[in-house]
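New to this one? Take a slow look at the model first, and then read on for a tour of how its pieces fit together.

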Amino acid sequence: VVMAVEFVSVFIVSGALGRLLGLASLYSWLLVSTAIRLPALLLLTYVVDVPHWLLFVALHGLGNVLFGTLLQTWINSIPFERARGLSIAMYGTAISVGLALGPVLVNQLDTVGALLMPSLQTIDALADTHLGLHPDELVTGTTRIALMLSAMVSTLAALPLLLGRVFAPRFERPGQGRLLPTLRQAPAAMFALALTGATILGLQGFITLYGMNNGLAFEQAALLLSAFMLGAIALEMPVAWVSDHFDRRYVMMALVLLSLVAAVGLPMAIYDLWLARGLLFVWGGVMGGLYS
């Protein structure tokens, strides 16, 4: 439930995006979205009760979704010609690279923890002095380091924006979109996006738990997500290239069918680690291609 709350903010951001871009530039809102994410991640290191986690995860989700939606708006404002599918795939591949690196970083927490500990102690001192906050004794050191690392990654994600400010588009009169007309005009595309979101975010949240429940060690189970995302990295652009040269409707049908085969096959493949990784690799490529 806590993980799902993050994506409730999609509805808030989607409904307000046109008005937001009328108040300030896309570039300004990208910086604001980063400013929203960082405090939420750091405050999570001090609490263990569900209400506070719901609040801070929702705030992080608001910043995260705003950041991602604005980047997509930026990409879609570029007048691509024939290679639009391939261009969008490059954007999706960048996202997949980040998601694939997440479990790898988790497996390096012991090494990273020693490097981050001085920074964590400084933040603790500031939180104590200015906010009166103390880390709850139930929050483990590993959890605090993981959240601190997430905050650092969020900061790094904003740094390239400083170099690309001159390329950011400006919208004098942002358009307004309506959900039902969009569904009627592009039902196949909206269905594909819904399927992609359910699959990628569902796997992101549960594939590690699924692997552990089927006898895999935590480190092995965490790398299942990396296999899925590596598939998206390797296969997303080739699939998008195919979609630029053939009828996209038939390409989407084939990808949905392959996704179904992968979903049915995973419960049998999970007992063979290499087979499971191979299946997830293909599944990741299929879903990444469907997104593009």
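What follows is a walk through some of the helices, the way they pack, and a few residues tucked in among them.

Keep in mind from the start that this is a predicted model.

**Helix H11 and what surrounds it**

A good place to start is helix H11, which runs over residues 248-269. H11 has 22 residues and covers 30 Å from its first C-alpha to its last, close to the 32 Å expected at 1.5 Å a residue. Which residues of H11 are buried? They are Val251, Met252, Leu255, Ser259, Ala262, Gly265, Leu266 and Ala269. These buried residues pack against three helices: H9 (187-213), H10 (218-245) and H12 (273-291).

**Helix H12, the next one along**

Helix H12 has 19 residues, which should span 27 Å at 1.5 Å a residue, and its end C-alpha atoms are indeed 27 Å apart. Its buried residues include Leu273, Ala276 and Arg277. Also on that list are Leu280, Trp283 and the run Gly284, Gly285, Val286, Met287, Gly288, Gly289 and Leu290. The cover over the buried residues of H12 includes H9, H10 and H11.

**How the helices pair up**

When two helices pack, the angle between their axes and the distance between the axes describe the arrangement. Here are three pairs from this model, side by side.

| Helix pair | Angle between axes | Distance between axes |
|---|---|---|
| H11 and H12 | roughly 155 degrees | within 9 Å |
| H3 and H4 | about 155 degrees | 8 Å |
| H9 and H11 | about 20 degrees | 12 Å |

How do H9 and H11 run, roughly parallel or roughly antiparallel? At about 20 degrees, H9 is roughly parallel to H11, because angles under 35 degrees count that way. H11 and H12, by contrast, are roughly antiparallel to each other, and H3 and H4 are roughly antiparallel too. As for handedness, H11 and H12 cross in a left-handed way, H3 passes H4 in a left-handed crossing, and the crossing of H9 and H11 is left-handed as well.

Now for the residues that do the touching. Between H11 and H12, the H11 side of the contact includes Met252, Leu255, Ser259, Ala262 and Leu266. Facing them from H12 are residues including Ala276, Leu280, Trp283, Val286 and Met287. In the H9 and H11 pair, Ala188, Ala189, Phe191, Ala192, Leu195, Ile207 and Tyr210 of H9 meet Met252, Val256, Leu266 and Pro267 of H11. So Met252, Val256 and Leu266 turn up in the H11 contacts with H12 as well as with H9, a conclusion drawn by laying the contact lists next to each other.

**Two nonpolar cores**

The largest nonpolar core has 26 residues. Inside this core, the residues with the most contacts are Ile207, Leu224, Phe228, Leu280, Trp283 and Met287. H9, H10, H11 and H12 each supply at least two of its residues. Leu280 gives a feel for the place: leaving aside neighbours within four places in sequence, Leu280 is in contact with Leu203, Ile207, Leu224, Ala227, Phe228 and Leu266. Apart from this core lies another, of 15 residues, among them Leu20, Tyr27, Trp29 and Leu70.

**Over to H3 and H4**

Helix H3 covers residues 26-43 and helix H4 covers residues 50-76. Where they meet, H3 brings residues including Leu26, Trp29, Leu30 and Arg37, and H4 brings residues including His60, Gly63, Asn64, Phe67 and Leu70.

Is Arg37 of H3 buried or exposed? Arg37 is buried, at 2% relative accessibility, because anything under 20% counts as buried. Not counting neighbours within four places in sequence, Arg37 is in contact with His60, Gly63, Asn64, Phe67, Ser154 and Ala157.

**Two more buried spots**

Thr196 sits in helix H9 and is buried, with a relative accessible area of 2%. Beyond residues up to four places away in sequence, Thr196 touches Leu201, Met287, Leu290 and Tyr291.

Ala232 belongs to helix H10 and is buried, with a relative accessible area of 2%. Its contacts, leaving aside neighbours within four places in sequence, are Thr93, Ser96, Gly284, Gly285 and Gly288. What separates Ala232 from Phe281, in sequence and in space? The two are 49 residues apart in sequence and 7.4 Å apart in space, C-alpha to C-alpha.

How values were computed. Residues numbered from 1 in each chain as written. Predicted model: local features only at pLDDT ≥ 70, side-chain atom pairs only at ≥ 80, totals over all residues. Heavy atoms only, no water. Helix = DSSP H or I, 4+ residues; strand = E, 2+ residues; numbered from the N terminus. Expected span 1.5 Å × (residues − 1). Buried < 20%, exposed > 50% of the residue type's maximum accessible area, 1.4 Å probe, protein only. Contact = heavy atoms within 4.5 Å. Core = buried A, V, L, I, M, F, W, Y, C linked by side-chain atoms within 4.5 Å. Axes fitted to C-alpha atoms, helices over the stretch in contact; angles between N-to-C directions. Parallel < 35°, antiparallel > 145°, perpendicular 65-115°, else oblique. Left-handed = near helix turned anticlockwise from the far one by under 90°.
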